[in-house]
Amino acid sequence: MNELAPPRQILDQDWRRILQFGSLCALTLVFIALIGMPVQLDTRILIRRHLSLGYLSLIWIPMIMGYLVSKELVLEGIISAKKGPRDLLAGALTGMIGGAGLSLLAVLINNFDLRDPLLNWSPQTLEQLNFGNGIGFGIGIWLLIGGALGIFGSALHVLPALTAKAVGVALMTVALVSILETAITDLLEGFRLTFITDSLYAKRGGLSVVSTIVLVVFVALVTVLAAGQGDALRVKYDALDAPRRKSANLTMSFAGVIALLLLPLFLGKIMNELLANVGLFVLLALGLNIVVGLAGILDLGYVAFFAVGGYTTAVLTSPNSPWISPELHFGIVILIVIVIAAMIGLAVGAPVIRMRGDYLAIVTLGFGEIIRLLFLSDWLSPYFGGAQGITNIPPVDLGFAEVKGSDPRSVFYLVLFFCAIAIYISWRLQGSRLGRAWMAIREDEKVAEAMGINTVNAKLMAFVVGAILASFSGAVFAAKVGSIFPSSFLILVSIIILVVVIVGGMGNITGVIVGAVVLIGVLGGPKQPGLLQELGTFKLLIYGALLVFMMLKRPEGLVPNARRSHELHQEEFLQDAWLKGIVDDDDEEVTA
Amino acid sequence: MTAVGVRSTRRVSWVDRFLTTLRIVLIALIVVGLLAFIAQQIDNDNAFARRRNPGATGLTAAQVKGLFVTGVAQGAMYGLIALGYSMVYGVLGFINFAHGEVFMLGTMSGFIASTKLSDAGYWESNFIGSFLLIILIAILVSTATAVVMERVAYRPLRDSPRLIPLITSIGVSFFIQNAVLGLFGPNSKSYPQLPEWLAKNRTILTFDIPGTKIMVLVVAAVSMAGLWWVVERTKTGKAMRAVAEDKEIAALMGINVDRTIVLTFAIGGAMAGIGGILWGLSFRSVTHLTGFLPGIKAFTAAVVGGVGNLGGSMAGGVALGTAESLGPQVILEPLGVKGVSQLRDAVAFTALVVVLLFKPAGLFGERLSEDDRA
Amino acid sequence: MKLSRRLLVLLSILLSFTLIAAACGDDDGGASASSLDDSLGLVTVGSGEEIQIRSLEAITGDVAFLGIPNERGTVLAIADYGPIGGHDVNMGTGLDDLCSADGGQAAAQTIVSDESVIGVIGTSCSGAATAAAPLIAQAGMVMISGSNTSPALTSDLQGTAGENWVAGYYRTAHNDLFQGEAAATFAYDELGIRNAAAIHDGDPYTNGLASAFKNAFEAKGGEVSGFTAVNKGDTDMVPVLTEVASGSPELIFFPIFEPEGDFIAQQVGGVAGLEGVTLMAADGLLNDNYLGLPESAGMYFSGPDVRYGENTNESTGKTANDFLAAYEAAYGEVPSAPFWAHSYDATVLLLDAIKASSAEDGDSLVISRAGVREYLNGVTNFSGLIGSLSCDAFGDCGSQKITVIQDTDPTDVEGAKNNVVFEFAP
Amino acid sequence: MSPIMHIHDLTVSFGGLNALSDLNFHVDEGEIVSVIGPNGAGKTTFFNLITGLVEPNSGDILFEGESILGLDPYQVTEIGIARTFQNVRLFPNMTVLENVMVAQHCRTHQHAFGALLQTKAFRKEEREIRERAEEVLSFFGTRLIGYRLDQPAFVLSYANRRRLEIARAMATQPRLLLLDEPVAGMNPKESVELTNLIGRLRSEWGFTIVMIEHDMGVVRDVSDRVVVLDHGVTIAQGSYEEVSNDPQVIEAYLGRPAQDAS
């Protein structure tokens with residue numbers, strides 16, 4: 001870090017930048033208000049009597065904008081000014097412009113009627129914006145709130161680093177603790193620690209004011225006190241030599257597995273249900289990860305294999321299956337599912353595998369639809385039940401236990417078993433001859449072929465492995481829900497799995513799991529509610545926005561695969577590496 | 001590089017054998033279906049047709065014509081959307097998945113404008129004026145959307161691996177779709193009535209064609225001609241073609257590549273806007289999902305016709321529209337499939353697979369630079 | 001002191017009366033806490049606590065037009081009903097069945113994990129009920145739906161249980177088989193149609209109803225020359241109409257939703273071979289927007305008798321008109337589907353059942369889960385907003401009265417709704 | 001010595017232009033042949049034809065007496081022909097080691113099941129692949145081994161990328177090695193070093209080598225025979241001395257005398 005110049009004059013502002021960020025802030029706020037988020041999410045209380053999810057959907061914007069407007073790139077060799085009141089002013093102005101946007105909206109809603117096309121141009125929105133206090137109050141309060149939040153955002157630059165970190169962490173914790181209320185309550189109940197829940201949350205949901213304050217203070221203190229500990233640990237870990245690091249990793253994963261195995265015992269139905277759903281998507285995402293992340297094939301019809309697994313199971317186990325109903329045992333069915341999924345994977349894969357990436361995407365998307373339409377059709381309804389689906393799929397009888405939908409814990413363990421298989425398969429294949437071939441194809445298909453790789457076979461293999469993993473998920477899904485309908489297999493599912501893989505981090509097992517847990521667990525799947533089930537249809541809006549944001553700002557995903565992120569940031573990486581001196585620019589003999 | 005000579009002794013793998021079988025099976029199905037259809041048309045109680053489909057009833061000539069006309073009209077709208085896909089693919093080499101939403105926003109803005117005009121009584125009193133006005137508004141909205149989309153989401157990604165912008169565009173598509181859902185609600189919205197003189201059926205060359213479909217065909221033809229003129233006859237068009245061929249060289253030749261790309265998006269957007277209005281007036285209904293399936297179908301049409309090839313895209317649209325309109329009843333039903341209309345989308349996507357199996361570069365050939373073909 | 005003696009006597013008389021009254025009251029309310037049937041467990045609502053029921057409807061997505069009024073019907077019914085034994089009734093946050101089996105199951109898990117819940121009003125979609133009902137029933141709760149119509153959930157009306165029937169499932173909506181028969185009877189007997197076609201949209205509901213119509217129509221001796229489907233999202237209906245036109249039907253029955261229903265009505269005129277065909281739809285299109293469509297002139301609509309008007313719910317004393325007024329005041333719009341009344345009655349039935357099978361124990365209220373079911377099984381001739389309700393052995397509690405209306409004048413939507421041309425109630 | 005590869009009357013045209021016409025060519029076992037010619041002479045097309053990336057219009061290519069026309073590129077590699085690319089095309093995000101390991105794909109056989117069950121055979125083969133890769137890499141001294149093994153290929157210097165490309169081609173265990181401008185972009189010191197290595201590729205590894213090269217110094221130092229292409233036609237062949245004095249060759253490189261141009 002280089003020396004900082006003294007803070008600039010308070011009025012030495014980049015007015016254009018402020019205006020830009022301010023209007024962006026205002027536009028976003030008005031947009032959010034008009035799509036109805038504040039009103040519809042108002043029922044979810046985060047802090048009793050003071051903050052609902054609806055208001056949260058608004059107030060984070062000025063804060064972020066305030067933060068961004070006074071953020072400047074610190075460049076090596078160029079003297080940057082120390083942050084001071086000038087930046088606070090910038091933040092305040094940005095926030096106020098944003099707040100003014102809402103004030104203006106309130107005035108407009110008050111005076112004009114545009115409810116005809118705009119659904120949320122409504123008295124409810126106005127009421128929400130006014131805090132139920134009349135229009136004048138509404139106008140003033142948003143200028144104030146905007147300004148205050150903007151200052152707050154920019155203050156994160158001005159405060160000493162540790163303080164800023166403490167504040168940031170405390171806020172994040174409050175947000176998390178309030179958003180994850182269901183999960184935390186459930187978990188604490190499982191551990192018989194209800195007294196914590198009782199003191200933390202108000203009776204009808206949401207943190208109480210007192211507990212919020214206590215939480216903020218506590219977390220901030222912990223952050224300050226524990227500062228540096230994390231880094232120290234990291235340094236210590238990095239300093240380990242390879243075998244010790246390996247054993248450390250092993251210990252950690254072992255602990256993780258044990259925790260995962262024991263956790264459901266302490267969780268109630270809601271959380272186990274959630275975990276089971278997350279597990280189903282982890283399974284799907286791991287499969288798609290092999291296809292997209294490793295082999296670089298953009299398959300948009302992935303849901304077809306999910307459907308094939310589900311329908312095969314339904315036909316073979318349900319007594320209500322309209323065609324043949326051998327009522328086989330799940331264990332046998334799984335073997336048949338593997339064979340059928342592999343065959344369909346090959347049959348779908350063969351025609352598309354030689355196409356170039358984007359054609360392949362659209363054709364697989366088409367195949368996904370074709371398969372759903374066939375399951376839905378009246379034509380094949382004597383075999384697959386058509387629109388009425390197949391019901392009464394029996395539970396999985398394991399001898400010692402039964403896996404059925406009414407006992408989500410058992411479903412979770414079954415899913416976990418399949419996830420373990422999937423992880424093992426992904427992990428082993430990645431490091432094998434086949435996995436290297438996939439990566440080579442992803443990097444440069446023509447060269448891969450010139451280097452002796454039968455690209456068609458390798459890609460088909462990826463397709464088939466992906467298909468089998470998805471069909472596992474389908475089989476468990478069928479047994480879990482107990483009935484199966486074509487409407488569970490829309491294109492949307494393929495796309496959500498893709499988002500999960502991408503947001504988590506393509507080509508990276510941990511990333512994919514994290515992606516599924518965060519997205520499906522918190523936001524929810526296509527037909528599966530997450531922790532924020534109030535989001536309803538905003539879920540998809542958030543998925544879309546998240547996808548775009550990730551692609552633009554962090555294409556390597558939440559948990560990047562080192563390699564992938566290099567690929568996506570090659571230039572930056574090379575610059576960094578050059579600065580650190582690890583890049584190979586020696587044309588001289590390294591050693592004599 | 002493409003192979004020029006005859007493949008002499010190419011060793012066949014099982015994949016090739018499978019594909020050959022698939023080609024034969026698909027062709028056989030189409031031929032048998034067609035034959036059965038012809039047989040049942042000649043004689044309703046034809047033994048061959050009966051065997052294929054015991055419940056065969058056959059269609060009257062008027063019905064076949066009706067299917068054809070509706071397919072062509074639907075296809076012309078696909079074609080208009082497909083042009084945008086095709087142009088963007090030609091220039092940037094990626095599928096702009098969100099182009100269907102550009103189209104939907106055109107339809108939606110047309111809806112808002114037309115209901116306001118209708119409320120003001122202008123729609124009834126001066127339909128032509130209203131029509132031009134809503135087309136103008138739709139073009140503006142769609143163009144603006146396409147341009148903003150390019151600027152915000154795609155320009156920063158211009159040098160990324162090619163699947164990255166495609167995935168981004170899926171995100172953009174979702175975002176726009178659900179933003180419209182939030183703004184305007186889930187209910188389907190109805191356009192005002194069309195004037196009787198426009199909507200009524202007219203007989204042209206023994207075809208009994210609803211007026212709205214004539215309107216669709218005429219407007220699509222005019223737009224296509226306009227586009228052709230822009231691309232082939234103006235400096236902008238030349239610049240676009242140059243950028244499509246090779247961005248770097250085009251830049252060296254003094255062409256402003258950024259501007260040309262923005263223009264490409266804008267023109268594609270305008271075409272989608274026109275398509276949107278035609279869609280809105282034909283079906284008089286719009287929801288936030290209006291753009292999704294037509295968007296996918298339009299890209300399918302572009303691939304069927306040959307990406308980058310503007311005439312091909314329009315022709316591909318018409319071909320796809322006709323195939324999905326006639327296909328179920330001329331091929332599937334004579335084969336004894338029940339409830340064929342339900343399988344219409346399946347027929348459209350199968351048509352795509354069939355075309356790509358026989359002509360990997362589409363019916364009329366791609367016009368892409370070497371890079372994009374990789 | 002004389003006076004005070006008198007007062008004392010008076011007081012003792014009053015006291016004894018009160019005691020007697022209290023005893024009678026106990027009998028009224030069912031039984032004392034100890035005599036409740038606890039075979040499915042008892043739920044104790046503590047002092048100051050609320051009685052928990054839940055709403056599980058499709059409040060997002062394509063079917064929200066149906067689910068949202070249903071949920072609001074429940075909300076308003078709870079408000080009208082008032083407290084039971086001094087305890088307020090709480091519906092919690094309205095849950096979403098996502099109109100799918102997986103969504104229904106996930107929501108049901110949420111519901112059953114709260115052991116204080118007595119019953120659920122919902123689901124909107126039969127598919128969701130298929131997955132949710134077993135969970136709910138297994139937990140000893142009951143589920144009453146205002147808009148499920150699939151025969152699989154109850155019975156075939158001939159005394160055979162449907163394949164997805166579970167004890168503890170009830171509904172106030174009619175059985176599809178019933179509406180199918182009503183529509184077929186109307187077409188065959190009243191209109192004299194002998195050749196009909198049916199179109200559905202791949203939704204389990206529309207598919208089920210279209211099949212029911214087909215079977216009933218064929219059983220009467222008619223011919224169903226076309227049975228096909230459109231896909232949700234289709235706009236060009238000429239191909240599907242041509243498909244059915246090839247069988248030259250006199251009537252097309254298409255029990256689907258908007259906007260596909262609009263397209264069929266708008267485009268039917270342009271298809272050769274369908275000149276003068278009669279169009280008939282079902283409750284999915286029975287809304288103000290569709291009835292106001294110029295092309296819907298002359299169409300028939302089968303559905304529940306929506307002339308709710310002055311029908312009165314006997315427990316809350318409210319009429320359907322009262323409800324509509326309250327609805328509009330609260331939400332600023334009219335309901336987008338007619339099943340709010342079914343939901344309202346369903347909620348009231350549940351609350352009545354709770355009242356009848358609970359006993360006060362000090363400040364708390366003890367509710368018998370088995371008692372709730374027993375009460376619901378015994379409902380006969382209950383007067384509700386939708387008419388008279390009686391539950392059969394498989395949970396079909398609907399008024400089982402289907403009417404067919406004709407939309408003669410699209411500019412007069414209310415008139416169309418009241419223009420009943422056929423009533424079907426065996 | 002018998003010819004390891006024999007090319008008869010090979011003609012290929014792109015859009016009516018003959019890129020190669022009636023080319024006849026052979027390479028003997030253990031020979032080092034350089035193909036030279038001005039830009040656009042059809043040299044890279046020639047390599048593309050051999051490796052199956054381009055199909056000829058007519059003619060035949062025999063490798064060890066059998067026609068290899070119509071083989072897919074990977075099959076060409078399988079029968080023992082490997083190549084490098086003029087514009088280095090590594091797998092940039094795979095490590096140095098992986099780049100070489102992946103090139104042994106066609107020489108190894110373990111399928112997914114071996115990897116999943118971690119069979120003995122699988123582990124043995126993995127070990128061999130790795131050892132072989134390290135062996136190949138150590139051919140270039142210490143440049144590509146040690147800490148470099150686990151670096152992604154894109155951090156390598158230009159010269160090292162060229163070396164890695166050669167290593168990758170060597171790892172496919174070819175009989176015939178096609179090098180497309182192996183020393184392009186290298187400094188004089190490096191080209192001398194690489195020239196020596198090319199000699200050693202034959203003497204130590206027994207490869208037959210066909211090389212496209214512009215650097216006449218390298219061509220002179222290593223080639224047994226030089227073939228000159230111009231406009232898709234062989235205009236001369238023979239030893240470096242013979243070819244370098246051939247008037248036709250000089251003309252091709254320096255252009256025709258001015259009076260002919262009119």
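## Exercises on disulfides and a helix pair

In this predicted model, the link of Cys391(C) and Cys397(C) is right-handed, with 105° about the S-S bond. Let's work outward from there.

**Exercise 1.** Find how many disulfides there are over all chains, and state which cysteines they join.

*Solution.* Start with the cut-off: two cysteine sulfur atoms must lie within 2.5 Å. Cys391(C) and Cys397(C) pass, with an S to S distance of 2.0 Å. Cys99(C) and Cys125(C) pass too, again at 2.0 Å from S to S. The count over all chains comes to two. To finish, count the bonded cysteines along chain C, and the pattern reads 1-2, 3-4.

**Exercise 2.** Work out the handedness of the link between Cys99(C) and Cys125(C), and say which parts of chain C the pair ties together.

*Solution.* First look along the S-S bond: the angle about it is -100°, and the link is left-handed. Next, place each cysteine. Cys99(C) sits in the loop between strand S4 (95-96) and helix H3 (101-112), while Cys125(C) sits in the loop between strand S5 (117-122) and helix H4 (126-138), so the disulfide ties together parts of chain C that are 26 residues apart in sequence.

**Exercise 3.** Decide whether these cysteines are buried or exposed: Cys391(C), Cys397(C), Cys25(A) and Cys106(D).

*Solution.* The step you need is the cut-off: buried means under 20% relative accessible area. Now take the residues in turn:

- Cys391(C) has 11%, so this cysteine is buried.
- Cys397(C) has 1% relative accessibility and is therefore buried.
- Cys25(A), at 0%, counts as buried.
- Cys106(D) has a relative accessible area of 10%, so it is buried.

For completeness, go back to the other disulfide: both Cys99(C) and Cys125(C) are buried.

**Exercise 4.** Describe how helix H4 (residues 99-119) and helix H6 (residues 127-154) of chain B pack, and which classes of residue make the contact.

*Solution.* Begin with the geometry. The two helices of chain B pack at an angle of about 145°, and their axes are 8 Å apart. The crossing of H4(B) and H6(B) is right-handed. Then list who touches whom: H4(B) contributes residues including Val102(B), Leu105(B), Gly106(B) and Leu117(B), and H6(B) contributes, among others, Leu133(B), Ile137(B), Val141(B) and Met149(B). Finally, sort the contact residues by class: eleven are nonpolar, seven are polar and none is charged. When you check this tally, remember that Gly counts as polar.

Technical notes:
Residues are numbered from 1 along each chain as its sequence is written. Chains are lettered from A and ligands numbered from 1 in the order in which they are written. This is a predicted model: local features need pLDDT of at least 70, side-chain atom pairs count only at pLDDT 80 or more; totals for chains, interfaces and linings use all residues. Side-chain values use heavy atoms; hydrogens and water are left out. Helices (H or I, at least four residues) and strands (E, at least two) are DSSP runs, numbered from the N terminus. Buried means under 20% relative accessible area, exposed over 50%, partly exposed in between (1.4 Å probe, protein chains only). Axes are lines fitted to C-alpha atoms, for helices over the stretch in contact, and angles run from 0 to 180 degrees between N-to-C directions. A crossing is left-handed if the near helix is turned anticlockwise from the far one by less than a right angle, and right-handed if clockwise. Contact means heavy atoms within 4.5 Å.
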